[in-house]
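Work through the exercises below with the model open. Each task is followed by its solution.

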Amino acid sequence: MSKPVVLIAEELSPATIEALGPDFEIRHVDGASRSDLLPALADVDAILVRSATQVDAEALEAAKNLKIVARAGVGLDNVDVPAATRAGVMVVNAPTSNIISAAELTLAHILASARNIGAGNTSLKAGEWKRSKFTGTELYEKTLGIVGLGRIGALVAARAAAFDMKVVAYDPYISSARAAQMGVQLLSLDEVLSESDFITVHMPKTPETIGLIGEEAFNKVKPTVRIINVARGGIVDEVALANALADGRVGGAGIDVFETEPTTESPLFDFDSVVVTPHLGASTEEAQEKAGVAVARSVRLALSGELVPDAVNVAGGAIDEDVRPGIPLIERLGRVVTALAGSSITSLDVEVHGEIADKDVSALKLAALKGLFRDVVSEQVSYVNAPVLAEQRGIDVRLITDGEADEFRNVLTLRAAKADGSQISVSGTLTGPKQIQKLVGVNGFDLEIPLSDNLLIVSYTDRPGVIGVLGQALGAEKVNIAGMQVARKNEGGNALAVLAVDSLIPSETVGRVADQIGADTVTAVSLED
């Protein structure tokens, strides 16, 4: 029998080839050249890439035998994950390969900014000796504000402690108790902005976090503050930062990532107080080797039919065929729980009811955690690091199975407890021959509505006229309603409306709608890829 073909489209470490082993036919191509790449894909089973190779719909169409795309790194900007999913192609990456390198680069930027290393280097190489011009500041007893206390943020906090810095953080999804175990004080974002001498960002790039550190934030910080961003471009508003530097509202910055990449022009380049690097967070020999070895192992697992922990779109491998359709459903339910919670949770029960309960459903717990963290951490979440993220946050996770389901063949329920004692629950099922995802329960209210990409969940006191006002309010905001379900437990008591809408609803719109209908809570949920 012929060996499966693995195409290596970019230069990878020798350890990657070694990790693949002798069971594959290894081919090489210049993935950056479309004319070379597309014909080379014709009969390959797997492709390994870094960042230069675009694995888009055209490439996937050319790869008729392709089973797995392996990105030797964290980011997946160059891989069309939805198109791969539609084509039945697994996508894997190396979600933990660069966390140490990113944390160390963060400290490098903090030190470089504090001691004016970039400007001093440029000045001296230009033939100048101006010691007094580059007087810096110590890290000792300064306050470091971390925005996003995930795995990288936690590593930064641990390293900052070695400099005897006071570490504070903003992260609505971390409990105060867990932060205290790290030696970190949790504060509101405004408090972090106003108290910190250095602010470093470690959050995912989402519609809510784009521009999070922008004009409004720069009006709340100390004029001597240094802003560090090694996470994702766009979270720090580059134009607003440049204006704040020019006005003396910010003292300096260290920037590794940009809104548009690659970039060779930015208003930040005009300031000696800004140290910039060309997205070097993962650019260490160690991180590259870890990434290559990790995805090589994933390729071996995928092509041998085993469970692939680092898959980002499908679990793949040895999962019962009856269980497999529940993987994307429960991942989306996890994202709904996160949106409804809005802050840290202390426990999560993953409940599987119905015919599949007697099968191995452990993958459903992994998928639920993957969805729970997808929109709140800066690193790529996978089936392998999701349990670690839960442990880091002190979340107790249980898998509960029950062979009985009342109204459907199978029902998946996530039940979360928050630090304030309140609880959140969401339930979903798959219906019909097309296995359509349905949301069938929210916080004890029974309903049945397709689990569309954009939802609006409204909790209010049952009374006449609310639904009419809600429709008018959304219409005024140019939000189209595709479907709606209303549920209540008793007349005049608590009621819940779930609306499927055609587009993502901005947070300011949510606030206006909530005010107009006098709702207890209004939550916009985006499940778009």
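The exercises cover a helix pair, two loop residues and a cis peptide bond.

The model is predicted, so local features need pLDDT of at least 70 and side-chain atom pairs count only at pLDDT 80 or more, while totals for chains, interfaces and linings use all residues. Residues are numbered from 1 along each chain as its sequence is written, and side-chain values use heavy atoms, without hydrogens and water.

**Exercise 1.** Describe how helix α5 (residues 99-114) and helix α7 (residues 151-161) cross.

Solution. Helices here are DSSP runs of H or I with at least four residues, strands are E runs of at least two, and both are numbered from the N terminus. The axes, lines fitted to C-alpha atoms over the stretch in contact, with angles from 0 to 180 degrees between N-to-C directions, come within 9 Å and cross at roughly 50°. That makes α5 oblique to α7; angles under 35 degrees count as roughly parallel, over 145 as roughly antiparallel, 65 to 115 as roughly perpendicular and the rest as oblique.

**Exercise 2.** Locate D164 and N443 and assign their exposure.

Solution. D164 sits in the loop between α7 and β7 (166-170), and N443 in the loop between β17 (436-442) and β18 (445-450). Neither is a glycine, yet phi is positive, about 60° for D164 and about 50° for N443. Buried means under 20% relative accessible area, exposed over 50%, partly exposed in between (1.4 Å probe, protein chains only). D164, at 47%, is therefore partly exposed, and N443, at 31%, is partly exposed.

**Exercise 3.** Which peptide bond, with omega near -5°, is cis?

Solution. The bond runs from E261 to P262. P262 lies in the loop between β11 (252-255) and β12 (274-276).
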